[in-house]
Amino acid sequence: DGVATSLETGRRIRTPSVKKQRLVERDIEAATRELNRNEIEVTAIERYDATKTGSYLVEYGLTPPRLSAGDKVTLYERDGKVAFYSVKRERAVTIEPGIEDKLDLLEARKDAVADVSTATAELQDLETRRTAMGSEISALAQQVEALKELRAAEETRIEALAERRGTIATGLGDLESTLERLSVRHTEVLDLVERDRPVRDVSEVDSATDAALREMGIRSVGELASAKPAALRDARVATSIVNARKLINAAKKRLNR
């Protein structure tokens, strides 16, 4: 409750009023009900605009410490609560000249100083947070640069591996070609070795046949495999063309093992 002075009786009388501190950060609906209950009119509820914080602080600092019956108030809402308010007073009760106005002015200045101090502290906090965020951003930038360097090193390593793989692939191709040539040469050598084996190594050739073949000049398996059936028959190595072919086929079979 507030106290006002009656000009007729000269006595102090109680009038409905609300302290300004009771409104800030209160639920909009609850604040409106309390103001209406104390005969204070809420003329408007406006959304809080962060870009006008300075104007709000000045306007709020000039408000009296108490709102009295007959005052008209504009509330500024932020997240469903009262952030600030402004007041246009149309008081019906005449107060004692000078005294309460000076008290109200002093209280208003005191509250304004407190509000400015709070705003300054908030600004300092924001500056501290901005500095911390700057440090975090700088650290992140350094991490990004480090990752770029790692990526470049990895790309270089991958390129080196790709080049090495190409070299290995070329080497493997050359090795395969060499192995193929060696395989062919190995087969040729084995064939030569088999062809140069004594004709006696052929299963169908006994000692008598070996001696007869030697008289013909046939001493190796290869020479027997290349002989003509008729020549073997005529040299009496084989008794017939059929038997001669058996000897020749046995030599060829030996070569093809």
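In the predicted model, glutamate 25 is partly exposed, with a relative accessible area of 45%. This residue occupies the loop between strand 3 and helix 1. The backbone of glutamate 25 has a phi near 70 degrees, which is a positive value in a residue other than glycine. Most residues other than glycine have a negative phi. Two further residues share this feature of a positive phi and are described below: glutamate 39, with a value of about 60 degrees, and arginine 236, with a value near 60 degrees.

Helix 1 (28-37) is preceded by a capping residue. Aspartate 27 caps the N-terminal end of the helix, with a side-chain oxygen placed 3.1 Å from the backbone nitrogen of glutamate 29. Within helix 1, the buried positions are Ile28, Ala30, Ala31, Thr32, Glu34 and Leu35. The packing partners of these buried residues are strand 3, strand 4, strand 5, strand 6 and strand 7.

The loop that connects helix 1 (28-37) to strand 4 (41-47) contains glutamate 39, and asparagine 38 is placed in this loop as well. Asparagine 38 counts as buried because its relative accessibility, 11%, falls under 20%. Glutamate 39, by contrast, is exposed, because its relative accessible area of 54% is over 50%. The positive phi of glutamate 39, about 60 degrees, occurs just after helix 1. When neighbours within four places in sequence are left aside, asparagine 38 is in contact with Pro16, Ser17, Val18 and Ala69. Under the same condition, glutamate 39 is in contact with Pro16, Ala69 and Gly70. The pairing of glutamate 39 with proline 16 spans 23 residues along the chain, with a separation of 7.0 Å between the C-alpha atoms.

Serine 17, one of the residues in contact with asparagine 38, belongs to strand 3 (residues 17-19). Serine 17 has a relative accessible area of 6% and is therefore buried. The side chain of serine 17 forms a polar contact of 3.2 Å with the side chain of arginine 66.

Aspartate 71 is located in the loop between strand 5 (66-68) and strand 6 (72-78). Its relative accessible area is 0%, so aspartate 71 is classed as buried. The side chain of aspartate 71 reaches the backbone nitrogen of serine 68 at a distance of 2.7 Å. Aspartate 71 and threonine 43 lie 28 residues apart in sequence, and their C-alpha atoms are 9.7 Å apart in space.

The largest pocket has a volume of about 330 Å³. Its lining comprises 17 residues, of which Val24, Leu57, Phe84, Asp115 and Thr118 are the closest to the centre. Helix 2 (53-61), strand 7 (81-88) and helix 3 (99-196) are the elements that give two or more residues to this lining. Helix 3 makes the greatest contribution, with six residues. Classified by residue type, the lining of the largest pocket holds eight nonpolar, three polar and six charged residues.

Arginine 236 is found in the loop between helix 6 (229-234) and helix 7 (241-255). With a relative accessible area of 74%, arginine 236 is exposed. Its phi, near 60 degrees, is positive in a residue other than glycine.

For the chain as a whole, the secondary structure amounts to seven helices and seven strands. From the N terminus on, these elements follow the order β-β-β-α-β-α-β-β-β-α-α-α-α-α. The chain has 257 residues, of which 28% count as buried. The exposed area of the chain is about 17,900 Å², and carbon and sulfur atoms supply 53% of this area. Among contacts between residues at least 6 apart in sequence, 52% join residues at least 24 apart.

Definitions and conventions. Residues numbered from 1 in each chain as written. Predicted model: local features only at pLDDT ≥ 70, side-chain atom pairs only at ≥ 80, totals over all residues. Heavy atoms only, no water. Helix = DSSP H or I, 4+ residues; strand = E, 2+ residues; numbered from the N terminus. Buried < 20%, exposed > 50% of the residue type's maximum accessible area, 1.4 Å probe, protein only. Polar contact = N/O pair within 3.5 Å; in protein donor to acceptor, adjacent residues only side chain to side chain. Contact = heavy atoms within 4.5 Å. Areas by Shrake-Rupley, 256 points an atom, 1.4 Å probe, with all protein chains shown as cover. 1 Å grid on protein atoms, 1.4 Å probe; cavity = no way out; pocket = protein on both sides within 12 Å on 5 of 7 lines; lining within 4 Å. Points joined across faces, edges and corners; volume = space filled by probe spheres on them. Nonpolar A, V, L, I, M, F, W, Y, C, P; charged D, E, K, R; others polar.
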